[in-house]
Amino acid sequence: MPRIQSRDDAVLVIGLGRFGTAIASTLDGLGRDVLAIEKDPDLVQQWSHRFHIVEADATNAEALAQAGASEFSIAVVGVGTSLESSVLITANLSDINMPQIWAKAVSRSHGRILRRIGAHHVVYPEYDAGARVAHMVTGRMLDYIEMEDGFSIIKMRPPRDIQGFTLDETKVRERFGVRIIGVKSPGQPFEYASADTHIGPEDLIIVSGDSSLLEAFANRR
């Protein structure tokens, strides 16, 4: 059994497909302890140099217990392509009262099942990535984050009619119903926007607001 110094902040990642590997690698890069559970011996060998890995089948409750899953407070179920495996693993984690279960789903119906059996957070990587790219390819958006209740945050180049003015002079909030919350000028650190923040043609701006209003604002020329 790999030794992890502290499990208070450690994360259990089950399944080392593209999604699970990205989660585990990023957490490891952030300095978080990670224990991965993967049944494919080739993947175990491939990633054993990067983070702690146990070769086991997490659909088996006994194997999950032997891996020490009950000692973790956060688990990520990266298995998505096999609906049966995904459900069994999530159910096993729910049975041991895992405080936080994050599970990958490949469809809305899959996600509803995962929530019903105990997943606290369900993510849809393919859908979310597709929706994000769709927003980005239709306007000036360089990045798009949808929060909830129709609220979003975007990164974009400023429309021409606000270039060369201060934020107060542009009256963006009054005219378009969105709010510029930050500006990144070339070679300069990120700056939280204030009334006298100047917006240049080469700047990047961070804008928040209702998704439909942001779409209209981002499509301005």
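**Exercise 1.** Determine which residues of helix α1 are buried in this predicted model.

*Solution.*
Step 1. Locate the helix: α1 covers residues 18-29, which is 12 residues.
Step 2. Apply the cut-off: a residue is buried if its relative accessible area is under 20%.
Step 3. The residues of α1 that satisfy this condition are Phe19, Gly20, Thr21, Ala24, Ser25 and Leu27.

**Exercise 2.** Compare the span of α1 with its expected value, and describe the backbone at Gly31.

*Solution.*
Step 1. The expected span, at 1.5 Å a residue, is 16 Å.
Step 2. From its first C-alpha to its last, α1 reaches 16 Å, close to that expectation.
Step 3. Gly31, which comes just after α1, takes a positive phi of about 85°.

**Exercise 3.** Establish whether Asp28 and Arg50 form a salt bridge, and state where each residue lies.

*Solution.*
Step 1. The criterion requires a side-chain nitrogen of Lys or Arg within 4 Å of a carboxyl oxygen of Asp or Glu.
Step 2. The N to O distance between the side chains of Asp28 and Arg50 is 3.0 Å, and the two meet in a salt bridge.
Step 3. Asp28 belongs to helix α1, whereas Arg50 belongs to the loop between α2 (41-47) and β3 (52-55); the pair links distant parts of the chain, 22 residues apart.
Step 4. Asp28 has a relative accessible area of 26% and is therefore partly exposed. Arg50, at 34%, is also partly exposed.

**Exercise 4.** Explain what the salt bridge between Glu126 and Lys104 ties together, and classify each partner as buried, partly exposed or exposed.

*Solution.*
Step 1. The side chains of Glu126 and Lys104 meet at 3.7 Å, N to O.
Step 2. Because Glu126 lies in helix α6 (residues 125-137) and Lys104 in strand β5 (residues 100-104), the pair ties together parts that are 22 residues apart in sequence.
Step 3. Glu126 has a relative accessibility of 48%, so this residue is partly exposed. Lys104 has a relative accessible area of 9%, so this residue is buried.

**Exercise 5.** Carry out the same analysis for Asp161 and Arg175, and give the number of salt bridges in the model.

*Solution.*
Step 1. The closest N and O atoms of Asp161 and Arg175 are 3.3 Å apart, and the residues form a salt bridge.
Step 2. Asp161 is in the loop between β8 (151-156) and β9 (165-166), and Arg175 is in helix α8 (residues 172-176); the pair therefore ties together parts 14 residues apart in sequence.
Step 3. Asp161 is partly exposed at 27% relative accessibility, and Arg175 is partly exposed at 44%.
Step 4. The count of salt bridges comes to 4.

Conventions:
Residues numbered from 1 in each chain as written. Predicted model: local features only at pLDDT ≥ 70, side-chain atom pairs only at ≥ 80, totals over all residues. Heavy atoms only, no water. Helix = DSSP H or I, 4+ residues; strand = E, 2+ residues; numbered from the N terminus. Expected span 1.5 Å × (residues − 1). Buried < 20%, exposed > 50% of the residue type's maximum accessible area, 1.4 Å probe, protein only.
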